[in-house]
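Q: Could you take one strand hairpin in this model and describe it closely, residue by residue where possible? Please then carry the same reading over to a sheet elsewhere in the chain and to the helices that go with it.

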Amino acid sequence: MTYRIGVDVGGSFTDFAVFDTGTGKLATLKVFSRPDAPGEEILSALDILSERDGIEPSEVSYFTHGTTVGVNTVIERNGHDIALFTTKNFEDVLQVARLKIPEIHNLYSVRPEPLVSRDRVFGIDERILATGEVLKAPDETDVACAVQAAIEAGCKGIVLAFLHSYRNPANEDAVTSIIERLAPGLPVISSAATWPIMREYERTITAVISGYVQPRVANYLDRFEKVLRERGVTCPLLITKTNGGVMGIDQARSECVQMILSGTASGVIGAGYLAKASGFDRIMSLDIGGTSADVAVIIDGEAQYGTGELIGDFQIHVPSVSVSSVGQGGGSVAWIDRLGLLHVGPESAGSTPGPACYGRGGTRPTITDAMAAANLIGHMPLGYGAVNVDHAASQAALAPLAERLGTSVEELAGNIVDISVSGMYAEVSALVSRFAIDPREFHLFAFGGAGAMLACFLAKELDMRGVVVPPTAGVVSAYGGLVADLKNDFIRTVYCEVTVEALAELCATFEALEVEARTWLETQGYSGRGSIRLYADMRYLGQSFEIETPIQPAWLRQGDAAAIRAAFHQEHDRLYGHRDENADVQMVSLRLVIAGATQKPPLNPIAVAQAPAEPRFHVEGWFSGRSWMTGVYHRADLAAGHRFRGPAIVAQDDTTTVVPPAFEVLVDCFGNLVITKTEL
């Protein structure tokens, strides 16, 4: 008997999903996160699993881990000082960027300070032409002077981003070798090795983010591996990736940029797998933890992907699960500005001290406190007994704000929820426009510690088909680590028109990418051949930006340029509502994705109800400032076919589902709560 474990470390809680390969059963657990001592929460959870379920570390055969350490490093801007080496006379690449300001209608809006200050950017006298030809090779003396200046400035790493290195990395490779000789042990990040894309700023900022987070990520992973090995976990350790897959821990140390959104991506992958297995083909996932609310679009179990996802103040240009985030988590703090206006977030109380109702020293009111003050959560222990909600503490935390605003605590609680939902609504609206979807055709798939608590309120505003809450909603991100495949992306800039003549060279590029991809899969210890998908970034000749278009390898091998162009026309029409089949089509890059399937827990039907659902008791709950008698159900009491109307509260170990008036709940055959609008 062996166990497969998925772990997700969040701002407030660390979640565990444990799959018993012998019995097919799934065990789950939540413990408080330990930002003060990373790794301790994992040891604590292993002790609980051993005592509660008899799971010993030596029996663990698969261990995946998602973390936010990379993204938090960028957001908090506490990475190590690094230097940037650019082509001479292009030292201002980070300052110039794309000449955009964060808020175009705000005259006082300013762009964020770059992660590398201008005095730590050094120009190297080298040059690669756009064709890839080496016009000037770097001089070792020139590089040595720059390295010495970087070290004297206190830099702990160097990022290389030379002009046109996506075409030919020779000069970046040469400078890397020189630095390794001159300063052994000094980390060097090459933009061509990180993600060789065409645009200079996009390639540079991606490499800079990778270099900026690398020391902290590497130290975190070293500690993570050390504590697990000392505890007796001997299996290979895997890290979830930004693209929704997993990779080995050694690759994660050297390619930190590939895991910067690992925790967020895990939740989306878990939601996609559960939704597809349950028969929901069009969903928007809603993952609400202690700090943020994250929304993604998932169609037929496949998350939508993109590049340019926002990490703090900066975009990162590697393939990522497209997630829209807003600072509206369960721990987001409610506050009043100097003009007397109520705000919620983005500051979060986190796990320490946490919301006031947690009894861990918090005194500032949060969204969780608003729900507790409205008497909608906390009627049974949360977090597997880690939290007993203190309703009086929540009332006390909200009271000063209610007094300033001249309203009751219960009405203020409703206002806090409304403001939180409005912030989510704005973010979802942008996501809807980006992927050209109609939310009325989608269910909202709610998970995370607070997702089910707020999902119905958001679904109502978006006029969605309904809400789906899976049985283990609180640990779906950890579950995503269990079901994620080994996965990696490989890209080449090709920059050519899509013609029959060009396809011969494109076919050779594809074959080289395939060899590289299959070699990578072998290095991960995977015995099969895996599956391959191919994408092309294409545009009409003269356009400034590209559309990622799925294409078939057979089209390249057969020289079918017409099929490739037709795929692009179709995608352009889907996104923008028009096409021009007479225009020339240009391919900028070719990207290959390889995936090795992993063993996945089965989704088993639950018992069928033999009698109507009955609440364990009723409480007085407040919705929008109005009192309602509200039934409190326990998730373990519900069976397939049970149906009941709101207002209702469904309590379980890892989350609480709040069902407002004018909603109805149906328990499906897999134990999902399917919540839809109805008449009062």
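A: In the hairpin of S34 and S35, which has 5 residues between the strands, Gly671 takes a positive phi near 90 degrees. This is a predicted model, in which local features need pLDDT of at least 70 and side-chain atom pairs count only at pLDDT 80 or more, while totals for chains, interfaces and linings use all residues. Residues are numbered from 1 along each chain as its sequence is written, and side-chain values use heavy atoms, with hydrogens and water left out.

Strand S34 covers residues 663–667 and runs antiparallel to S35, to which 5 bridges join it (strands are DSSP runs of E with at least two residues, helices are runs of H or I with at least four, and both are numbered from the N terminus; two strands pair if DSSP finds at least two bridges between them). Within this hairpin, Leu666 stands opposite Val674 of S35. Strand S35 (residues 673–677) also pairs in the antiparallel sense with strand S24 (residues 466–469), over 3 bridges, and there Val674 appears again, as the bridge partner of Val468. Val674 is thus placed opposite Leu666 and is also bridged to Val468.

Elsewhere, an open sheet of 4 strands has parallel pairing and the order S6-S5-S9-S10. Strand S6 (121–124) and strand S10 (188–190) stand at its edges with a single partner strand each, so one side of each is left without a neighbour in the sheet. From one strand to the next, the twist averages 25 degrees (axes are lines fitted to C-alpha atoms, for helices over the stretch in contact, and angles between N-to-C directions run from 0 to 180 degrees). Strand S5 (residues 83–87) pairs with S6 in the parallel sense over 4 bridges, and Thr87 has Ile124 in S6 as its bridge partner.

Helix H5 (residues 170–182) packs on this sheet and touches S5, strand S9 (158–161) and S10, its direction making about 160 degrees with that of S9 (contact means heavy atoms within 4.5 Å). Helix H7 (residues 200–231) packs on the sheet as well, touching S5, S9 and S10, with its direction at about 165 degrees to that of S9. H5 also has helix H4 (residues 140–152) beside it, the two axes coming within 10 Å and crossing at roughly 60 degrees. In that pair, Glu140, Val143, Ala144 and Val147 of H4 meet Val175, Ile178, Ile179, Arg181 and Leu182 of H5.
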